[in-house]
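Subject: A structure to look through

Dear colleague,

I am handing over the structure below, together with some notes on what turned up in it. Please keep it open while you read, so that you can look up each residue as it is mentioned.

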Amino acid sequence: MEIKVVRKVLDVNDTMAARNRELFRSKNVFVLNMMSSPGSGKTTTLEKTLALLAPDVRCAVIVGDVCTTNDADRLARSGVPVVQVNTDAFGGDCHLAAHVIEKAAMDLDLDQADLLIVENVGNLVCPAEFDIGEDARAVVLSVTEGEDKPLKYPLMFRVCDAALLNKTDLLPHLDYDKAAALENIRQIHPQMPIFEMSARTGAGLAPWVEWLKDQVKHKIR
Amino acid sequence: MGLALQIVEIAKASIPAQLADARVQRVNLKVGKMAAVVPESLRFCFEVITRSTALEGAELFIEEVPVVARCRACDHEWTLNGPVFRCPACDGVNVEMISGRELDIVSIEVEKD
Ligand SMILES: Nc1nc2c(ncn2[C@@H]2O[C@H](COP(=O)(O)OP(=O)(O)OP(=O)(O)O)[C@@H](O)[C@H]2O)c(=O)[nH]1
Ligand SMILES: [Mg+2]
Ligand SMILES: [Zn+2]
């Protein structure tokens, strides 16, 4: 016997995300969801970004990690409030879900923040599906990953608002086809800005930080 | 894992009260080709979390939905074969996805024993 259901699998998460979005709006805080494969450089980029945003933009961070607190410790050194979410406690999930963000946000004083940055779990699959109530999404891709990565994870590159091509300091040592990588991203999301940078040396970070400041200004004015 | 859990929650909640002890044989899903779903891992997670439940052994049937896009500049609509969001009619890039992101439970099939 067949029983009609017709429901979105992510119904519950979408509802929670809408609630988060409403909370962030009422607190006048802009939320950025940072995603990437493991090790592409989210934390390093964030450390540098936070340093460049201060003191103009008041930041707070939620960092998701499968089991360690290393990233939270690194980010806390920037002097911004950091909440660490160990997704292990939620069944070893490979993404941050909206209810996890809601809970983590309670540990932050959002009245004191203009920008909340969420470092998602290193994974290009599930985080693309799980809305957390963010205003913008950024994906970090490093030049040590394959040029065809965007094609393998097209939804991630389609739903993001900015792409960061990181570790450009390594280019002289690699035979990475940067033009091909850029073209692959552009095919999926032609209008998306792509920022080439080295989070290690700091080269190329300024345009990204300006873009982010602009986004924040637009929402919270 | 998150997706499989949601599927199981919805499927369980969809079993009518008068069939409370029924076994679910099949769960029918509609999944867009752009959805970030790896069918093998979804099936694997589903199998693990449904062990010793009313859904144990149920088949996850996935109907794939093609990616259809529409150009906002010239209204052209087409089915994508790969992730290339550029209008084949006018070369425009202001393109919206009409379908291809679906991740829906359509129905469940139950058998009373
Ligand atoms: N050469 C070089 N190495 C970098 C750069 N950015 C990050 N790394 C290195 O890459 C490694 C991973 O960087 P993280 O910033 O921890 O990456 P992540 O994306 O936060 O990693 P997970 O949170 O584990 O997914 C570290 O060893 C960094 O020092 C860069 O621009 N150039
Ligand atoms: Mg990290
Ligand atoms: Zn067109």
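A good place to begin is A:Cys126, which lies in the loop between S5 and strand S6 (136-142) of chain A. Please bear in mind throughout that this is a predicted model.

Is A:Cys126 buried or exposed? With a relative accessible area of 14%, A:Cys126 falls under the 20% limit and is therefore buried. When its neighbours within four places in sequence are left aside, A:Cys126 is in contact with A:Cys94 and A:His95. A:Met156 is 30 residues from A:Cys126 in sequence, and the two C-alpha atoms are 8.9 Å apart in space.

The contact with A:Cys94 raises the matter of disulfides, and the structure holds zero of them over all chains. Why is there no bond between A:Cys126 and A:Cys94? The closest cysteine sulfur to that of A:Cys126 is indeed the one in A:Cys94, but the distance is 3.2 Å, which is too far for a bond, because a disulfide needs the two sulfur atoms within 2.5 Å. For A:Cys59, the closest cysteine sulfur is in A:Cys160, at a distance of 19 Å, which is again too far for a bond. A:Cys59 is buried too, with a relative accessible area of 9%.

Next comes helix H1 of chain A, which runs over residues 11-26 and has 16 residues. From its first C-alpha to its last, H1(A) reaches 23 Å, close to the 22 Å expected at 1.5 Å a residue. Which residues of H1(A) are buried? They are A:Asn13, A:Ala17, A:Asn20 and A:Phe24, and because they cover an arc of only 60° around the axis, they are on the same side of H1(A). The general background is that an α-helix has 3.6 residues a turn, so residues three or four places apart point the same way. Among the elements that cover the buried residues of H1(A) are strand S2 (30-36), helix H4 (98-105), strand S5 (115-119) and helix H8 (205-220) of chain A. After H1(A) comes A:Asn28, whose phi is positive, near 60°.

Helix H8 also takes part in an aromatic grouping, so please turn to the rings now.

How many aromatic pairs are there over all chains? The count comes to three. In one of them, the ring centres of A:Phe195 and A:Trp211 are 6.0 Å apart and the planes are at 55°, so this pair is tilted. The pair links distant parts of the chain, since A:Phe195 is in strand S8 (residues 194-196) of chain A and A:Trp211 is in helix H8 of chain A, 16 residues apart. A:Phe195 is buried, at a relative accessible area of 11%, and A:Trp211 is buried as well, at 16%. Together with A:Trp208, these two residues form one aromatic cluster.

Rings also appear beneath charges. The charged end of A:Arg158 sits over the ring of B:Phe85, 4.0 Å from its centre, and the charged end of B:Arg26 sits over the ring of B:Phe61, 4.2 Å from its centre.

A few backbone details deserve a careful look, given that most residues other than glycine have a negative phi, and most peptide bonds are trans. The peptide bond from A:Ala54 to A:Pro55 is cis, with omega near 0°, and A:Pro55 is placed in the loop between helix H2 (42-53) and strand S3 (59-65) of chain A. A:Val6, in strand S1 (residues 2-8) of chain A, has a positive phi, near 50°, and at 58% relative accessibility A:Val6 counts as exposed. A:Lys167 has a positive phi too, near 70°; A:Lys167 is found in the loop between strand S7 (162-166) and helix H7 (178-188) of chain A, and is partly exposed, with a relative accessible area of 23%.

Finally, A:Lys8 is found in strand S1 of chain A and counts as partly exposed, at 46% relative accessibility. What does A:Lys8 contact, leaving aside its neighbours within four places in sequence? Its contacts are A:Asp14, B:Ile10, B:Leu103 and B:Asp104. By contrast, the C-alpha atoms of A:Lys8 and A:Pro193, which are 185 residues apart along the chain, are separated by 31 Å.

With best wishes

Notes: Residues numbered from 1 in each chain as written. Chains lettered and ligands numbered in written order. Predicted model: local features only at pLDDT ≥ 70, side-chain atom pairs only at ≥ 80, totals over all residues. Heavy atoms only, no water. Helix = DSSP H or I, 4+ residues; strand = E, 2+ residues; numbered from the N terminus. Expected span 1.5 Å × (residues − 1). Buried < 20%, exposed > 50% of the residue type's maximum accessible area, 1.4 Å probe, protein only. Arc of directions from axis to C-beta. Contact = heavy atoms within 4.5 Å. Phe/Tyr/Trp six-rings, centres within 6.5 Å; stacked < 30°, edge-to-face > 60°. Lys NZ or Arg CZ within 6 Å of the ring centre and 35° of its normal.
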